[in-house]
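Q: I am new to this structure and would like a close look at a single part of it. Please take me through that part slowly.

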Amino acid sequence: MSGAWWKERVFYQIYPRSFQDSNGDGIGDINGIISRLDYLKWLGVGAVWLCPIYDSPNADMGYDIRDYEKIMAEFGTMEDFDRLVREMHRRDIKLVMDLVVNHSSDEHAWFVESRKSKDNPYRDYYIWRDGRGGREPNNWSSFFTPSAWTYDGTTDQWYLHLFSEKQPDLNWENPSVREEIYAMINRWFDRGVDGFRMDVITCIAKAPGLPDGEGERDENGRVFAHEHFAFQPKLHEYLRELRRRCLDGRDCMCVGETSFVNTENASSLVGDGRELDMLFQFDVVDMDGEGTKWDVIPFDLKKFKRIIADWQKAIDWNTLFWENHDQPRSVPRFGCVETEELRVRSAKMLAAAMFLLRGTPFIYQGEEIGMTNFPFTEASQLRDVECFNLLKEAEKTGRTEWAWNGIRHKGRDNARTPMQWSGQENAGFTTGDPWIDVNPNYTQINVEKAKKDEDSILHFYRELIRLRGESDVLKYGSFEPLCEENEDLFAYRREYEGEAVVVVCNFSGRTVKLPEDLACVGAGGGEDEDGARARCEAGKVLLAAGFDGEGLLPWGTVVTTAVTS
Ligand code: TEU
Ligand code: CA
């Protein structure tokens, strides 16, 4: 069996600013990425998702694009980019770029024109409205700011921004906007890129008339009105048009960052080849927040099992991830960092738990060495607009302690600290002053050290990627949840054309004996006894951490072959 390349390969997400600096200015760059391609190849990576590298004033670290067809000067030049494409393709690594077209930067030439006058040809590239009695045109709040509107005195109107005020939303209703975007996408394809990750793509269409939100109001009467800006009917029209105009006829892949997707509406986007190839859902990573992401609640294994089983059933092909540039690190979050031994073991367990499910794995830089959150203590260590705005608002209401707790657990800068390559100064990331502090644990946690240790998280990842690459059952097998009622274990079985594999993961700090229905696991030949045991034959261990033949040590995992049902 050989499916589409984006099903066969394991992805690696690069946050360019923090991956590798090549010229000592403290900022990661394209030449730095090129210098690390051999490492990615060694790891077994088959495709890269590259976070935005376009010209940007960095109000939101590249997610505010000033020029879609210029490379951010700090990252290099278009020649460097062309070389990156060549060097990746020479190593058979695909390149997927970030596509941020829900909004642009307010410094984009289109917006600079747009705000000049009501009759400017670019006026309708953005969403401008009259105020209501000196206030905003409607009651929407934004992801990053209290209000989704900013007033502009030049024309006495307001513009819409679902993110910061430096990220005005593009008006997809306007056919000229769509034409410009399609042409831009096609030019990137012609330069050699293999696909796109589409930023907040589910929000590009807004409800006609921009009605007030009816949900829960904040102190100022504002509402996070996603019922009016996510999953609008026009979304499907735009995505289909985009596919016809840019993707059809190309051997490419597009994955949507599909905010507000759920198991019911997911199949309206993927599966029939008319809109997206894959989607990112956030049910797993949103699990430990109640109401807002900042109100942290403990991990609930049963809920996690339900979410995974529901998604594996809901669509044919999932994306599999624990981390990205918007999430904190996964080991302190879903695993255990109480001791070094447990950090290592739980990181391996998390890898097995997620990346052997049915779908395409996405590894975020540093996850493969088990990088952890940063011990933030003061605002000067932060770089993220989301954190700054959170602190600003929290100070007004005396909730500073609460905000800091949220930032330490969930702040996006946790995952944006420099990649830890070695125990040398600045973790081998830069010879200069890094743009954001290096995590002080880099002498302990780094690639160089992990490479030398066969038992490291890094070697486990490499082995896991190799195994998946060679195995049809791990790629294309069906998914069946096991031990659904068990309080400590997450387990599942994959099966495909006469082959089966069982994955068992201990999500607890206890040693857990394998229950009856998993007695075959690791039995290595297995007795053919009654009942459930008879179902399990080989029991050959393919991958393990903290498995003693009968049970799993705290945070341990084991992957074995099994007989088919
Ligand atoms: O994120 C969009 C998104 O849905 C955010 O709410 C995300 O959940 C947020 O980071 C939570 O804290 C995308 C990008 O991935 C993000 O980096 C950008 O800041 C955002 O779009 C605006 O472009
Ligand atoms: Ca640099």
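Which spacing do the donors of the calcium ion (ligand 2) follow along the chain?

A: In this predicted model, the donors of the calcium ion (ligand 2) follow the spacing D-x1-N-x1-D-x1-I-x1-D along the chain. Read residue by residue, the protein donors are Asp21, Asp25 and Asp29, each through OD, together with Asn23 through OD1 and Ile27 through O, and they lie 2.2 to 2.3 Å from the calcium ion (ligand 2). Two of these donors can be set side by side by their accessibility: Asp29 has a relative accessible area of 3% and is therefore buried, being under the 20% cut-off, whereas Asp25, at 35% relative accessibility, lies between the 20% and 50% cut-offs and so counts as partly exposed.

To place this site in its setting, it helps to turn to the protein as a whole, which has 17 helices and 21 strands. Its radius of gyration is 24 Å, close to the 24 Å that the globule rule gives for 565 residues, so the protein is as compact as a globular protein of that length. The C-alpha atoms fill a box of roughly 80 × 55 × 50 Å along the principal axes, and 61% of the 565 residues count as buried, a class to which Asp29 belongs. Among the contacts in the protein with a separation of 6 or more, 68% are accounted for by residues 24 or more positions apart. As for the outside, the accessible surface comes to about 21,500 Å², and carbon and sulfur atoms make up 46% of that surface.

Notes
Residues are numbered from 1 along each chain as its sequence is written. Chains are lettered from A and ligands numbered from 1 in the order in which they are written. This is a predicted model: local features need pLDDT of at least 70, side-chain atom pairs count only at pLDDT 80 or more; totals for chains, interfaces and linings use all residues. Side-chain values use heavy atoms; hydrogens and water are left out. Helices (H or I, at least four residues) and strands (E, at least two) are DSSP runs, numbered from the N terminus. The radius of gyration is taken over C-alpha atoms; the globule rule is 2.2 Å times the number of residues to the power 0.38. Buried means under 20% relative accessible area, exposed over 50%, partly exposed in between (1.4 Å probe, protein chains only). Contact means heavy atoms within 4.5 Å. Accessible areas come from the Shrake-Rupley method with a 1.4 Å probe; for residues, only the protein chains shown count as cover. Donors are N, O and S atoms within 2.8 Å of the metal (3.2 Å for Na, K and Ca); water is not among the atoms, so sites may look incomplete.
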